[in-house]
Amino acid sequence: MEIISFLFQLLGSLGFLLYGMKMMSDGIQKSAGENLHKVLGFMTGNRVLSVLTGLFITMIIQSSSATTVMVVSFVNAGLLTLKQSIGVIFGANIGTTITAWIVSIFGFKFSISAFAIPMFGVGFILTVLKKLKGKSLGEAFMGFGLLFLGLDNLSSIMPTLDAQNMGFLSSMTGNGWLSILIGLFAGIAITIIIHSSSAATAIILTLSYNGLIPWEFAAAMVLGSNIGTTVDAVLASIGTKVNARRAALVHVMFNVIGSMLALIFLKPLLSLVDILVPGPVEQSITTHIAMLHTVFNVINTLLFLPFVNQLANLTEKLVRPKKDETPDIYRLEMPQTNRRENASAALLLAEKEISNMTAVVTSMFQRIRQCFQEGKFIATNKEALASEETYADQMQEELSKYLVICTELPVTEDQRNNISQMLHIVDELESMTDDCYSVGILLNRSIEKKMHFAKEDLERLEPYVTLVEKFVQFIRDNINHHLDETKLKEAQVIEDQIDLFRKNLKKVARKRLESGADVKSELLYIDLVRHLEKIGDRAFNISEALFETK
């Protein structure tokens, strides 16, 4: 029964942690939106500011685990980019060293779990008092509370670890590198069990102060605690978007690689600490450990900080989006070359991104295409469609800004004309995603309202949908290519066929209305036909723009 009780408490604590992160992420995104995005963007505007942001946040809340979990949630909400989050994670590792100094000097550790229930209570009040108009902010506070409560519960349900019942470690010292490796894994295990590198460091300090473990063994345990603390970011990344998972991987890579390097150069690292902390180690062991913790994280940050872009690129290769997953936020930056080379490079990049945007349109249409089955409609994934539609909106905004900047580069007249056509194509592609989303909503509404459609009416839609799908694929195949007159005539034929189908389908629907058919069902059917025809119209507009490019 004790094992069963432990497992249920463990699952419950993980539930608090994960659901709290999701609630906090959603609440912050809805309540703060663009304002918080701007503030965070300013605070993390460059690498140094990102590090300082992570450092000060962690110094305040006294938990690098909580900071990195929040960073993962911010990335998941689209409030931080992956590159911005990396510096904050670096700073969080430096900020957590303050606990070692507090314990070393005062023997006191400040616990953020004391804020959990009051924070949840404040959040609940904000959600129920409508006059305050703070429901979303209240959800964010409740999420913070649940997150901290989850971290605290994970620590409390585990076996109590202190200097008395960890004394067995003293028997494992004195065996050279074997002892150091044992110390490393002991630090990892303790930190994973109690879910706090700060608490693990406090235990290590206590063991060292009582003379139960020597200096080198304590140093190895400190390095191990830096690896063990990554488990919370990994747990928090479960079920999140791709960039949030990448941010968690950055935390793991930073701490693991840094700890391995420190282990390889352990002797020089300990010698440096001995220089910084004068006097015999035995008389100031706690100060030595606190200094080691700080020096390790500062050096680790200085080593990794110049390689933020490379680290981000590596995680993007290692962590791929899941099937049907849309990235959380879209960004497009101008290539860094000289101005004349920049013009050609910039336009090539724009063409690549327009091709990617066309792929989003194709993906959305394929989703709704699967919903048209003989004799009935099948529900589509509204969340996936909404995510792709939002992403397409971001692409339109970023690409439009980008193309306007391109006009200021030394471009030829033909290139300037192509930029104008690209802007037009981007607008049409975004409108196509709006229409695809509208079709998906109409299909789901027909199922939710249990609307009835005759089998022959749905069968009439099948060739119509197939024709629109053919036109979408035509654009996908020819995007960024100049269309000759033959190709344009091919597009005109498809457009004329879609128009003819639309007229016939609407005519049949009107006749059914006149004969007493269900009004809501017939109007929804006509809306479906109209939105599908709009997709065809926009595809033809893109075809004309491609015809005019050179």
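**Surface, cores and salt bridges of a predicted helical chain**

The accessible surface of the protein chain amounts to about 25800 Å², and carbon and sulfur atoms account for 61% of that area. The model is predicted. The chain has 550 residues, of which 52% are buried. Its secondary structure consists of 22 helices and two strands. Contacts reach far along the sequence. Of those between residues at least 6 apart, 82% join residues at least 24 apart.

Helix α5 was examined for its span and its cover. The helix runs over residues 82-95 and contains 14 residues. At 1.5 Å a residue, a span of 20 Å is expected. The C-alpha atoms at the two ends are 20 Å apart, so the model agrees with the expected span. Most of α5 is covered, with 13 of the 14 residues buried.

The interior was considered next. In soluble globular proteins, nonpolar side chains tend to be buried together. In this model, the largest nonpolar core comprises 68 residues. Phe-365, Leu-461 and Leu-532 have the most contacts inside that core. Six helices each contribute at least two residues: α17 (339-369), α18 (382-406), α19 (413-448), α20 (455-478), α21 (485-514) and α22 (519-548). Helix α22 supplies the largest share, with twelve residues. Another core lies apart from this one and has 34 residues. Its members include Ile-180, Leu-223, Ala-262 and Val-273.

Leu-532 illustrates the packing within the largest core. Leaving aside residues up to four places away in sequence, Leu-532 touches Phe-365, Phe-372, Val-439, Tyr-464, Val-465 and Val-468. Phe-365 is itself among the residues with the most contacts in the core. Glu-533 belongs to helix α22. Its relative accessible area is 9%, which is under the 20% limit, so Glu-533 is buried. With the same sequence neighbours left out, Glu-533 touches Tyr-464, Ile-498, Asp-499 and Arg-502. Tyr-464 is thus a contact of both Leu-532 and Glu-533. Lys-534 is also placed in helix α22. Lys-534 has a relative accessible area of 27% and therefore counts as partly exposed. Between Lys-534 and Ser-431 the C-alpha distance is 9.0 Å, although 103 residues separate them in sequence.

Ten salt bridges are present in the structure. In one of them, the side chains of Glu-216 and Lys-267 meet at 2.6 Å, N to O. This pair links distant parts of the chain, 51 residues apart. Glu-216 lies in helix α11 (residues 215-228), and Lys-267 lies in helix α14. Both partners are partly exposed: Glu-216 has 28% relative accessibility, and Lys-267 has 47%.

A second pair is formed by Glu-388 and Arg-367, whose side chains meet at 2.9 Å, N to O. Glu-388 is in helix α18 and Arg-367 is in helix α17, so the bridge ties together parts 21 residues apart in sequence. Glu-388 and Arg-367 are both buried.

A further salt bridge joins the side chains of Arg-530 and Asp-527, again at 2.9 Å, N to O. Both residues belong to helix α22 and are three residues apart, about one turn of the helix. Arg-530 is partly exposed at 31% relative accessible area. Asp-527 is likewise partly exposed, at 26%. Elsewhere, Arg-369, Glu-462 and Glu-469 are linked in a network of salt bridges.

The surface also carries a nonpolar patch. Ile-257, Leu-261, Ile-264, Phe-265, Leu-272, Leu-276, Ile-299 and Leu-303 form this patch, with a combined accessible area of about 690 Å². Helices α13 (242-264), α14 (266-276) and α15 (285-304) each give two or more residues to it. Helix α13 gives the most, with three residues. Ile-264, one of the patch residues, is placed in helix α13. Its relative accessibility is 60%, over the 50% limit, so Ile-264 counts as exposed. Helix α14 contributes to the patch and also holds Lys-267, the partner of Glu-216.

Note on methods:
Residues are numbered from 1 along each chain as its sequence is written. This is a predicted model: local features need pLDDT of at least 70, side-chain atom pairs count only at pLDDT 80 or more; totals for chains, interfaces and linings use all residues. Side-chain values use heavy atoms; hydrogens and water are left out. Patches are made of residues with over 30% relative accessible area and no salt bridge: like charges are joined within 9 Å, nonpolar side chains (Val, Leu, Ile, Met, Phe, Trp, Tyr) within 5 Å. Accessible areas come from the Shrake-Rupley method with a 1.4 Å probe; for residues, only the protein chains shown count as cover. A salt bridge is a side-chain nitrogen of Lys or Arg within 4 Å of a carboxyl oxygen of Asp or Glu. Helices (H or I, at least four residues) and strands (E, at least two) are DSSP runs, numbered from the N terminus. Buried means under 20% relative accessible area, exposed over 50%, partly exposed in between (1.4 Å probe, protein chains only). A nonpolar core is a set of buried Ala, Val, Leu, Ile, Met, Phe, Trp, Tyr and Cys residues joined through side-chain atoms within 4.5 Å. Contact means heavy atoms within 4.5 Å. The expected span of a helix is 1.5 Å times one less than its number of residues.
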